[in-house]
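Let's take a walk through this one together. Have the sequence and the fold side by side as we go.

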Amino acid sequence: MFPTRIEIIPSTGIVDQVRALVPLTTTLTMTCLPHHGIERTMRTSVELSALGYTVIPHLAARSIHDRAELTRIMRECDAAGIGEVFVIGGDRKQPAGPYGSALPVLEDIAQYTGGRMRAGVAGYPEGHPTVAALDLLDALQDKQHLATHVVTQMCFDAPKILDFAALLRREGVDLPVWAGVAGSVPRTKLVALATQIGVGSSLKFLSRKGPLARKLLSGDRYSPHPLVAGLESQPGIAGIHLYSFNNLDAVPNEAGLASSPTALQPALIRGAAREQ
Ligand SMILES: NC(=O)C1=CN([C@@H]2O[C@H](COP(=O)(O)OP(=O)(O)OC[C@H]3O[C@@H](n4cnc5c(N)ncnc54)[C@H](O)[C@@H]3O)[C@@H](O)[C@H]2O)C=CC1
Ligand SMILES: Nc1nc(=O)c2c([nH]1)NC[C@@H]1CN(c3ccc(C(=O)N[C@@H](CCC(=O)O)C(=O)O)cc3)CN21
């Protein structure tokens with residue numbers, strides 16, 4: 001089984017929800033949305049870290065107000081025992097401060113921490129709605145000496161993720177690739193979220209593709225099970241980054257795990273606890 005990390009959104013009440021449903025040994029990654037800001041990501045990360053979880057805050061470059069804020073964040077990470085962050089450009093149209101993209105944030109983090117902070121960066125197996133594929137590849141090549149791994153944007157197609165990992169190798173990017181996979185969330189919610197983040201067309205394409213693809217989207221909930229199985233059968237992927245969208249509930253009994261694909265999310269959440 002792949003090592004698995006669970007991405008959560010720092011919504012109100014999430015700390016109690018995580019505490020109730022997710023094993024303490026799990027690695028969690030904490031989204032940074034433009035309307036939340038980084039402070040909320042950091043506050044929730046520090047709280048969960050204090051409870052004993054391994055937490056990876058997302059630092060959206062465009063949401064950082066100034067360099068002093070970044071040094072504050074690094075100090076908070078240090079005090080909380082947080083040794084890894086995920087550095088992303090961010091969805092804010094206009095940067096709040098001096099950082100327009102991930103690279104200068106990675107550079108400052110490396111400088112402030114003497115290279116001790118591990119940092120993930122994003123990869124796009126299906127491209128990006130507004131940034132050209134070559135620009136994204138250039139950016140990855142520029143960032144790789146400061147990064148420890150790549151996490152892929154949500155994608156619904158195993159061959160596309162594997163091809164992307166192979167492309168990175170050919171282009172000289174040797175970082176481990178974690179596959180970004182949507183968790184078991186209600187289908188209508190997934191379609192809305194995928195559209196919002198610019199991967200809606202791949203999801204719609206999937207829904208027209210064939211019996212297996214249709215099965216993924218049939219019923220009330222998306223199931224990541226066939227996608228994860230498709231990745232597991234091939235080399236090239238370091239682990240699963242599960243976009244849970246905070247659907248951490250519905251932990252079934254053990255008997256349900258082997259046969260029910262919708263039970264995969266709880267299985268992955270339990271599996272995530274074995275990453276360490
Ligand atoms: N994959 C993920 O998990 C997430 C992806 N994003 C999206 O990813 C974009 C790029 O972030 P990274 O992959 O870290 O690339 P990056 O920050 O390394 O930048 C790569 C290229 O995209 C441009 N860019 C970055 N943010 C932009 C924006 N908001 N609008 C227009 N151009 C932008 C940069 O100027 C650069 O040419 C974000 O702006 C956002 O749309 C945001 C949050 C999470
Ligand atoms: N472009 C982009 N931006 C992102 O923020 C992002 C990606 N891509 N790809 C992977 C994940 C998925 N992300 C998301 C996207 C939307 C919600 C979401 O639930 N949005 C709710 C608001 C939640 C809240 O405010 O508490 C919504 O209704 O918009 C969560 C995580 C974060 N990441």
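Start in the sheet, where strand 5 and strand 6 (residues 149-152) run parallel and are joined by four bridges. To find your place in that pairing, look for Gly123: its bridge partner in strand 6 is Thr152. Now follow the chain between the two strands. It leaves strand 5, passes through helix 5 and arrives at strand 6, making a β-α-β crossover that is right-handed. Keep in mind that this is a predicted model.

Next, turn to strand 4. Strand 4 (residues 84-88) also runs parallel to strand 5, with three bridges joining them. Here the pair to pick out is Phe86 and Gly120, the latter being the bridge partner in strand 5. The connection goes by way of helix 4, and this β-α-β crossover from strand 4 to strand 5 is right-handed too.

So how covered is strand 5 itself? Mostly: of the six residues in strand 5 (residues 118-123), five are buried.

With those strands and helices in view, go to ligand 1. There are 17 residues around it, and the ones that come nearest are Gly89, Ser101, Ala102, Ala122 and Ala139. The helices from the two crossovers turn up again here: helix 4 (102-113) and helix 5 (133-143) are the elements that give two or more residues to the shell around ligand 1. Which of them gives the most? That's helix 5, with three residues. As for chemistry, the shell around ligand 1 holds eight nonpolar residues, six polar ones and three charged ones.

How values were computed:
Residues numbered from 1 in each chain as written. Chains lettered and ligands numbered in written order. Predicted model: local features only at pLDDT ≥ 70, side-chain atom pairs only at ≥ 80, totals over all residues. Near = placed C-beta within 6 Å. Nonpolar A, V, L, I, M, F, W, Y, C, P; charged D, E, K, R; others polar. Buried ≥ 20, exposed ≤ 12 C-beta atoms within 10 Å, placed from the backbone. Pairing = 2+ DSSP bridges. Right-handed = clockwise from strand over helix to strand, strands pointing away.
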